[in-house]
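Student: I should like to examine one part of this model closely. Please begin from the whole chain and then work inward.

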Amino acid sequence: MSNATAKVELTIDGQSLKVDATATVLEVALAHQVEIPYFCYHPYLSVPGNCRQCEVKVGSRQEDGSIRWMPKLQVSCNMPVAEGLVVDTRCDEVIQAQKNNMEFLLINHPLDCPICDQVGECWLQEHAYTAGMGETRFREEKVHMDKRVDIGPHVLLDKERCIQCTRCIRFCDEVTGTSELALMARGNHTEVDIFPGRPLDNPYSGNVVDICPVGALTLKEFRFKSRLWFLKTADSICPGCARGCNIKIWHRDHAIARLTPRDNPEVNKSWMCDQGRLLAPTLEAGERVREPRVEGKAVDWQEALDEAVSRLRRSGRPAGVIHPWSTLEEGWLALKVLAAAGEGGRPMLMALPAHEQGEDDDLLLRADKSPNRRGLENLLTARDAESASVADLLDRAVAGELSALLVVGEDLATLVSEEKLAAATAAGLELIVVASHENATTRAGTIVLPAGIFPEVDGTVVNFQGRVQVMRAAYPPPFLARTGAWILTRLASRLGDGSEDARPRDLFDELAAQVPAFQGLTFARLGAGGCVLPGGACETPASGSVG
Amino acid sequence: MSSDHRKGDPCGASGISDQALRRELEEIVAEYPEKRAGALMCLHRVQRHRGGLSPASQVLVGELIGISPAHVRELVTFYTLFLEETPGRYHLQLCRTLSCQLRGAGELKARIRQRLGIVPGGVTEDGLFQLTEVECLGSCDSAPVIQINDDYFEGLDGDKLDTLLDELAARPPVAGGQG
Amino acid sequence: MAFEKVLTRNVGNPAVLSLAGYEGVGGYVALRKALKEMTPLEVTEEVKKSGLRGRGGAGFPTGVKWGFVPRGGERPVYLINNADESEPGTFKDRLLMAHDPHLVLEGTMISAYALECHHAFIYIRGEYVREYEILMAALTELRGKGYLGRGILGSDYDLQVTIVRGAGAYICGEETALMNSLEGRRGEPRLKPPFPAQRGIFGSPTNINNTETLANIPFIIERGAAWFTGIGKERNAGPKLYCVSGHVRNPGVFELPMTITCNELIQEHAGGMLHSGHPVKAFIPGGSSVPVLRADELDVVMSYDDLAEAGTMLGSAGGIVMDETTCMVDALRNLEAFYDHESCGQCTPCRQGCGWLHSLLTRLENGGGVEADIPLITELADNIQGHTICPLGDAAAMPARAMVAKFEDEFRAHVTRKGCPLRDKVMA
Ligand SMILES: Cc1cc2nc3c(=O)[nH]c(=O)nc-3n(C[C@H](O)[C@H](O)[C@H](O)COP(=O)(O)O)c2cc1C
Ligand code: SF4
Ligand code: SF4
Ligand code: FES
C-alpha cells in the first residue's frame with residue numbers, strides 16, 4: 001500500500017488519529033480498537049445503515065477550539081471522516097441510544113437462545129449483554145413468522161430470529177451476483193426469503209450463515225450441533241483448491257465440526273466455497289491406514305522405516321510421486337529422500353500429478369483442486385528434478401529401469417489403470433507408500449507408512465497467486481499414523497540427510513534458504529496472512545474482527 | 001353516483017398472448033435509461049392483462065428487465081397494489097385512515113360485512129367482491145371513500161353503498177380488459 | 001389587493017384538458033417565454049428571487065435547491081415531479097392533475113429547462129389511475145404536437161417526460177425512496193450522503209419537487225418573482241393549496257395566501273363544523289405527520305414559519321379537523337396503524353417502534369392499558385425520532401408525542417376507565 005492517499009486528522013474518544021480521508025468513522029474505530037456495536041455493516045459489502053446500532057455523537061472542532069456537535073447522533077458506518085471531526089462513542093447519549101435500539105431489536109425476537117446454534121457467537125446476545133438490557137416493557141404480542149424455512153441445499157432460515165440486516169441479501173447480490181435472496185413484504189412483516197422454487201443454491205451459499213449476525217441462518221451440515229465452547233479451533237488453509245482460502249477448523253474429539261473462512265483480503269476476503277466448507281465428509285470417508293506394514297504384515301515404525309530405507313537404497317535410483325496436497329515440507333523432504341537414496345549424478349525423477357476439475361470462476365474456485373501445486377513445482381525446479389508422468393514411471397518399471405517408487409499421498413490407481421499398476425509391481429517395482437487411507441496403491445504397496453491428512457497436518461503451501469500460507473493441524477493423525485513430515489524426516493535422516501527432530505518450521509526455513517523462489521522468507525515472517533513469492537514483502541491483513 | 005358507466009369495471013384477464021405482452025413490456029422498458037426502471041410499469045401492465053402476478057409472470061418480468069425472480073417478488077410483496085392472485089371481480093379497497101374514519105369508514109366496513117359476509121382480506125363465495133382495507137387514498141374531502149378496481153367512489157354512506165353494490169352485482173361480466 | 005387564485009383557476013373547466021383549451025387560457029406562454037427569452041440560470045434566479053418554498057412538506061426554498069444541482073457535468077441531470085401524494089389528509093396534487101394536467105406538465109417542463117435536464121419523470125401514486133390517464137392523455141398530445149422531444153417549440157432544447165406510476169406505498173413520497181422505486185427497487189429511503197443533487201436516479205444528479213411546487217413555476221416565470229412575493233407574507237410567499245377534511249361541512253382544497261389562520265380556514269372556507277353541536281376539539285394542520293393543535297391554538301396563521309413557531313408544521317397542508325366526539329387515543333391509534341403499515345421496515349427503530357406504538361395504542365383503546373403505557377408512548381417516540389434513515393420515523397413520533405402532551409387526561413382516562421370514554425360518541 002505505497003500510494004499515498006490524502007489524510008485527515010480526527011479525534012475519537014479523545015484519541016487523535018491521522019486517517020485515510022476516504023474512510024468512515026466506523027472503519028477508523030474498528031481499526032483502532034474503539035468498540036462500536038453494529039450489525040448491518042460488513043467490510044466487504046455495501047453500507048445500508050439500517051440496523052442503527054452504530055450511532056455515535058459527532059461534531060466539528062471550531063476555530064476557537066470549541067466543538068460544534070451535530071443535533072442528531074449519526075450512524076458511524078456511513079459517516080465520512082473529515083478534518084477536525086470529533087467523535088464520541090462513550091457518552092451517555094450514545095450508550096442510551098444503543099440500549100434503546102437493542103430494545104427495539106429484541107421485542108420481536110423469539111429469545112430462544114437455549115436452543116439456538118448461534119449461542120456464543122450471536123451479536124444480539126453479546127450486545128444485549130454489554131448494553132445491560134433489563135426487564136422488558138413490551139407487553140404486546142410478538143410478530144410470529146416461520147421458524148424453519150428450507151431455503152437451499154445447505155441453509156435453513158428462522159424468520160423470527162432475523163433482524164433484517166440484509167447482509168445475506170447483499171452477499172448474494174454483490175458477491176456471487178446470484179440474487180436468490182430478497183426482502184419480502186415491508187414494515188414489521190419484512191422477511192428474508194427466496195422466490196418459490198429458486199433455492200439459495202450457489203457455490204458459496206454457506207457464507208450467508210457466517211455473516212448472519214444472529215442465528216437466523218444455519219448450516220444444515222453444522223455437525224453435532226455442538227455448543228461452541230465445546231469446540232477447539234485451529235487457523236488453517238483450505239486444501240480444496242489452489243485458492244488456499246484462509247479458514248478456521250472447528251473440531252471436537254478428533255473430528256471436524258465445521259470449517260469457516262478467516263479474513264484474508266488478498267486471498268478469500270472473508271468467504272469460502274461450499275465445496276471447501278463441506279470437505280469434512282470426504283476427508284473422513286474411507287478406511288484409514290492404521291499401522292505400518294511391510295509386505296502386508298503389520299510392523300512397528302522402527303522396522304517399517306528401516307525397511308523402507310533399505311529398499312530405496314537398494315534400488316539405486318528410486319523415483320517419486322507426490323500429491324499436490326502435500327505441504328512444502330513434505331515435498332522438500334521427499335526430494336531429500338530421493339536424492340539421498342539415489343546414487344548421484346543423475347537427476348531425481350518425480351511425478352507431480354495434476355488434479356483439475358471444472359474451471360476457475362471469478363470469485364474463489366480454481367480448477368486446480370490442490371492447495372500446493374505451485375509450491376511443489378518451485379521445489380522440483382530448484383532441485384533440478386526430472387518430471388515424469390505416473391504412466392511414464394510405471395512404463396520404466398516394466399522396462400526394468402525403475403525398481404522403487406516413493407508414493408506420497410497419491411493413489412496411483414486413480415491416475416492409471418489398476419492393470420498398469422499391477423504390471424509394474426509384477427515387473428518388480430517396489431512401492432513405498434506414504435498414505436492416509438487404504439486404496440489400490442496401499443494394497444499394492446511393499447511398504448505402507450500410515451500418514452496424516454488435512455486437518456492433521458502442519459506445514460506451508462503456496463496458492464495459485466504465489467502466496468505462501470501456513471496450514472495448521474487441528475489434531476494429530478489417528479491410530480499409529482504420523483504426519484508426512486514426521487515420516488519423511490525419519491527416512492531422510494536414516495539416509496544421512498538431516499536430523500530426525502526437524503520441525504516443519506525448521507524445514508521451511510531450510511528450504512527457503514535454498515530455493516531461490518523463497519528467498520528472504522522465514523517461517524516467522526509468514527504471519528497470519530502469508531507472503532507472496534518470490535521473497536515478497538509480507539502483506540499481513542489488517543486484523544479487524546470480520547464476521 | 002357516477003354517470004360514467006365504465007366506472008368500477010373489472011380489470012384483468014385480457015387474453016393477450018405472451019408474445020404480445022412481451023412486446024408491450026419491451027416498449028415500456030425502452031423509455032428508461034436503465035431497464036430495471038421499467039419494473040413497476042411492467043408489473044402494472046402484466047397485472048392489468050393477467051389479473052394477478054403469478055410466479056410465471058414474475059419470472060417473465062424479471063427476465064425482461066434483468067433482475068432475479070426474488071427481486072421481482074420483493075416488489076410484488078412491497079407494493080400493496082400488486083397482487084399475486086387475481087382478486088374478486090370487484091376489489092373493494094376501503095380507506096381506513098383518519099379522515100375516512102372520522103366520516104364513517106367503520107360503518108361502511110360493518111355494512112360490507114353485513115351484506116356480503118366478508119371482512120378485510122375476504123372474498124365473497126361467488127368471487128364477485130373482495131374487500132381490502134387500504135390507507136389514505138388522497139380523497140379525504142369526499143370521505144368515506146372506496147376505490148373499486150381503478151375508480152374512486154366518494155362520499156359514501158351505508159345506503160349509497162348498498163345501491164352501488166347492487167348495481168355492480170347486476171352488471172354482466174366484462175370480457176377482456178380495459179385501457 | 002384581492003387574492004387571485006391561479007393554481008386552481010382552471011378547476012372545473014374541462015376545456016383545459018386539451019392543449020388548445022389550455023393555451024386558450026394562456027397556457028404554455030410561460031414555457032415559451034422561458035425558452036425564448038431566458039437562460040436556464042435566469043429561470044433559476046427568478047425562482048430563487050420568488051422565495052418559493054417546497055410544497056411537499058419540508059418547505060425548502062426551491063430555487064436554492066435547484067442551485068445545488070451541478071450543471072454541465074458528465075452525467076445527465078434528472079428532474080422528478082413528486083406526485084406520490086399519500087400523506088393522510090392531503091389531496092391537492094390530485095386536484096391539479098385531474099383538472100389542470102397541462103399546468104402540471106408546463107411546470108415540469110420549465111423546471112427541467114432551468115435545471116438543464118433532458119429527461120424528467122412524474123411519479124404519480126398508483127391509486128390515482130384516472131389522474132394518470134388524464135395526465136398521460138395530455139402528455140401524449142404534447143408529444144404528438146412537438147412540444148416534447150428534440151428542439152421543443154423551435155428552441156434547441158430537447159426534453160423527454162416519462163410518467164411512472166407508483167404501486168401502493170406511502171414511503172415512496174419520500175424523495176430517495178421514490179428514487180429507488182423509480183429505479184425498480186423496493187421503496188426504501190437511501191442513506192445520505194450522497195445527496196440526490198450529487199447522486200440521485202441512475203447515479204446522476206437529480207432534483208425532486210412536489211407537484212404543487214412545480215405548478216407555481218409557470219406563474220413565477222410569466223408574472224415575475226415580485227408578483228409572487230407580493231402574495232402572503234415574507235418567507236411564506238405565493239399562493240398555497242390547503243386541504244381540509246374531517247368534521248367540517250365543506251371539506252375540500254382551498255387556494256389561499258399564507259396569511260390565513262386555522263380558524264379562518266375551518267370556519268370560513270371549509271364551511272364550519274359538520275355538526276353545529278360539536279365544536280372543534282383538535283386540528284392537524286399539515287397532514288398526519290405533524291403535531292396536533294388543540295382548539296385553543298387555532299388562531300395561528302398557517303404559514304411555514306408561524307406553524308413552526310406554534311410547535312407544529314405546515315407539512316403538506318393537509319388539515320384534518322376533529323370535533324369533540326373524537327377520541328384522541330383512537331385517532332392516534334389510527335395514525336400509528338398507518339405508519340406501521342407504511343414503514344418500509346429497514347430501520348430498526350421505525351420497523352419495531354411503529355408496530356409497538358400501534359399495538360400499544362390498540363390495547364389502550366380497547367381497555368387493556370396500564371399507567372406505564374402513557375409515558376412509554378412518549379419514550380418510544382423519542383427513541384424513534386432522529387434515529388432513522390428517513391423522516392417517516394419522525395412522522396410517526398411527532399403526532400404521538402403531541403397527542404399525549406396535549407390530551408394526556410384523555411389517555412389516562414383510558415387506563416382508569418379500562419376503555420374509551422368516548423367510544424359511543426365516535427360512532428355518532
Ligand atoms: C414519509 C414521507 C413521505 C413524503 N411524501 C411526499 C409526497 O407524497 N409528496 C411530496 O411531494 N413530498 C413528499 N415528501 C417530501 C419529499 O421527501 C420531498 O421533500 C419533496 O418531494 C420535495 O419537494 P419540495 O421541495 O417541492 O417540497 C415525503 C417525505 C416523507 C419523509
Ligand atoms: S437472515 Fe441473518 S443475515 Fe439475513 S437479514 Fe436476517 S439477520 Fe441479516
Ligand atoms: S424511518 Fe421507517 S420508513 Fe424511513 S427508512 Fe427507516 S424504516 Fe423506512
Ligand atoms: S452498522 Fe451502521 S447502521 Fe448498521
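How many helices and strands does chain A have, and in what order do the 3 strands of its open sheet β7-β8-β11 pair, parallel or antiparallel?

Tutor: This is a predicted model, in which local features need pLDDT of at least 70, side-chain atom pairs count only at pLDDT 80 or more, and totals for chains, interfaces and linings use all residues, while side-chain values use heavy atoms, without hydrogens and water. Residues are numbered from 1 along each chain as its sequence is written, with chains lettered from A and ligands numbered from 1 in the order in which they are written.

Chain A has 16 helices and 25 strands; these are DSSP runs numbered from the N terminus, with helices (H or I) of at least four residues and strands (E) of at least two. The C-alpha trace of chain A spans about 85 × 55 × 35 Å along its principal axes. Of its 547 residues, 58% count as buried, that is, under 20% relative accessible area with a 1.4 Å probe and protein chains only.

Within this chain, the sheet follows the order β7-β8-β11, and its pairing is antiparallel; two strands pair if DSSP finds at least two bridges between them. Strands β7 (149-150) and β11 (217-219) of chain A stand at the edges. Each has a single partner strand, so one side of each is left without a neighbour in the sheet. Between β7(A) and strand β8 (residues 155-157) of chain A there are 2 bridges, and these strands run antiparallel. Here V149(A) is set opposite L157(A) in β8(A).

How values were computed:
Buried means under 20% relative accessible area, exposed over 50%, partly exposed in between (1.4 Å probe, protein chains only).
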